Amino acid sequence: MYLSIATTHAPATDLGYLLMKHPERVHETELTFGKAVVLFPEANEARCEAALVLDVDPVGLVRGRGQGEGLLSQYVNDRPYAATSFLSVALNKAFRTAMNGESRERPELAKTKIPLEVRVTPLPGGADMVRAFFEPLGWDVTIEPVAGAGRYVSLTLRGAHRVSDALSHLYVLIPALDADKHYWVGEDEIEKLLAKASGWLGSHPQKEQIAQRYLKRRSSLVKVALARLAPEDVEEADAETPSGGTPKLAPEEALEAPIRLNDVRLDTVHATLKDLSAWRVADLGCGEGKLLQRLAQDRKFSRIYGLDAAARELEKAARRLKLDRAGAPVDRITLLHGALTYRDARWADVDAACLIEVIEHLDAERLPALEAIVFGNAKPRYVVVTTPNVEHNALFPSMAIGAFRHPDHRFEWTRVEFQDWAGRICAAHGYEAEFRGIGADDPVHGPPTQMAVFRR
Ligand code: SAH
């Protein structure tokens, strides 16, 4: 990943003063996710070029958090490769003074527009959007495809700008170009963006698109994802809520509605956690946060994490918990966008982890990764797992034989299958498990939901 800024302003070597970096040296800046190196491939009176090379280290991302070796081989994505938000964080760190428009040695020049040439490669995003973002700011844009790299381009910008403006354009627009993933955006992010781009974003014709895309992408770094692995993409399974109408029940809820099984289940989990005095809890696969809400209302619970792979569910949870309001209990409750099949140090300090109606959403070949993460790596004292008891389906009047309760379920287990699975986990990871039914217990088919409480 490479970004360079060059000028032909005379003497061009003043660029070193503007960026506060001596052109004859190599400058390294340590970052949470790797390091940034600034060096000057060319530095003479006529032309001077500073390059920022970013070395994103996914292994260091995790190891830096004080963990051992593990499932890193599962880390597969393009983060280290693309010039994304990581680059924007690196820019801010390596060139912070310059970005603020300050220069000890050349204060006047810092306020002056000088001819600049910027190159960024590889950059995600289509050529049209790249042009629409940079051209209105007065850049002459050249785009070349990067051979063999699909949606990536190599971008060259030319124009007369203050160095601080150029850095601010890059800082905001590069992550905005890469906003294909969706994250929850908090209000303070908007303030930060306005502070960074106050001089130019307000009058940009694409300002709304830029702000939205930038905020989505940045919040993943600043708030959620900076020091961890990017989440895998998980299908968002729940039924849509038709706009304006009454919310449609999710299939599972509709089926189980007569007994409000979901409420009974969550009340049971809440009571179980209380009995265990497990006051620090991670709800893994928290969905729209119904368990989180119960725990949040109970002051005994001192640390509450909700993790889910579906950003839309987390947004609903944030609204349910009123996390966007002033005075929200953000010290007690943290929502984490992430995948259960990747190691995640953010919720490691808990007494109990909950997997409430979650395991059946994972493909059989993914389940061992979850087991390794939760029971092998995080290994909290307690783990509470609930899952449907497939035997009970025979008692749901509207249900086709052999069907599952929700179209996204990959399996539903009998009581014996669940207990076998739990037994294997206990043997592998040193836990003991107790089993309970939740909901009306049928003498033949058993309860609708089965729960295991693991302890070690
Ligand atoms: N626990 C909640 C929601 C259950 S639905 C409740 O009882 O109401 C299952 C949830 O697990 C969904 O929100 C889904 O997005 C999440 N999920 C499925 N696979 C996941 C994974 N690999 N990582 C993180 N979350 C996952």
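The following is a working conversation about the ligand site, helix packing and backbone geometry of a predicted model.

User: Before we start, what kind of model is this, and what pLDDT do local features need?
Analyst: This is a predicted model in which local features need pLDDT of at least 70, side-chain atom pairs count only at pLDDT 80 or more, and totals for chains, interfaces and linings use all residues. Residues are numbered from 1 along each chain as its sequence is written, and side-chain values use heavy atoms, with hydrogens and water left out.

User: How many residues surround the ligand, and which are the closest?
Analyst: The ligand is surrounded by 16 residues, and the closest are G285, D308, A309, L340 and I356. A residue is near a molecule if one of its heavy atoms lies within 4 Å of it.

User: What is the shell made of, by class?
Analyst: The shell holds 8 nonpolar, 4 polar and 4 charged residues. Here Ala, Val, Leu, Ile, Met, Phe, Trp, Tyr, Cys and Pro count as nonpolar, Asp, Glu, Lys and Arg as charged, and the others, Gly among them, as polar.

User: What lies 2.8 Å from a nitrogen atom of the ligand?
Analyst: That is a backbone N or O atom of I356. A polar backbone atom of L340 is 2.9 Å from a ligand nitrogen, and one of A309 is 3.3 Å from a ligand nitrogen. A polar contact here is a pair of N or O atoms within 3.5 Å.

User: And how much of the ligand does the protein bury?
Analyst: The protein buries 89% of the 570 Å² that the ligand exposes when taken alone. Accessible areas come from the Shrake-Rupley method with a 1.4 Å probe.

User: Changing topic: at what angle do α6 and α7 cross?
Analyst: Helix α6 (residues 127-134) and helix α7 (residues 163-177) cross at roughly 155 degrees, and their axes come within 11 Å. The two are therefore roughly antiparallel, a label for angles over 145 degrees on a scale that runs from 0 to 180 degrees between N-to-C directions. Helices are DSSP runs (H or I, at least four residues), and strands are runs of E with at least two.

User: What about α14 and α15, how do they pack?
Analyst: Helix α14 (residues 367-378) and helix α15 (residues 415-429) pack at about 50 degrees, with axes 11 Å apart. They are therefore oblique to each other, the label for angles that are not under 35, over 145 or from 65 to 115 degrees.

User: Any oddities in the backbone, say at P11: where does that residue lie?
Analyst: P11 lies in the loop between β1 (2-7) and α1 (14-19), and a cis peptide bond with omega of about -5 degrees joins A10 to P11. Another cis peptide bond joins T121 and P122, with omega of about -10 degrees; P122 is in strand β5 (residues 114-124).

User: What is the phi of S277?
Analyst: S277 has a positive phi of about 55 degrees, although it is not a glycine. S277 sits in the loop between α11 and β8 (280-284). Most residues other than glycine have a negative phi, and most peptide bonds are trans.

Technical notes. Polar contact = N/O pair within 3.5 Å; in protein donor to acceptor, adjacent residues only side chain to side chain.
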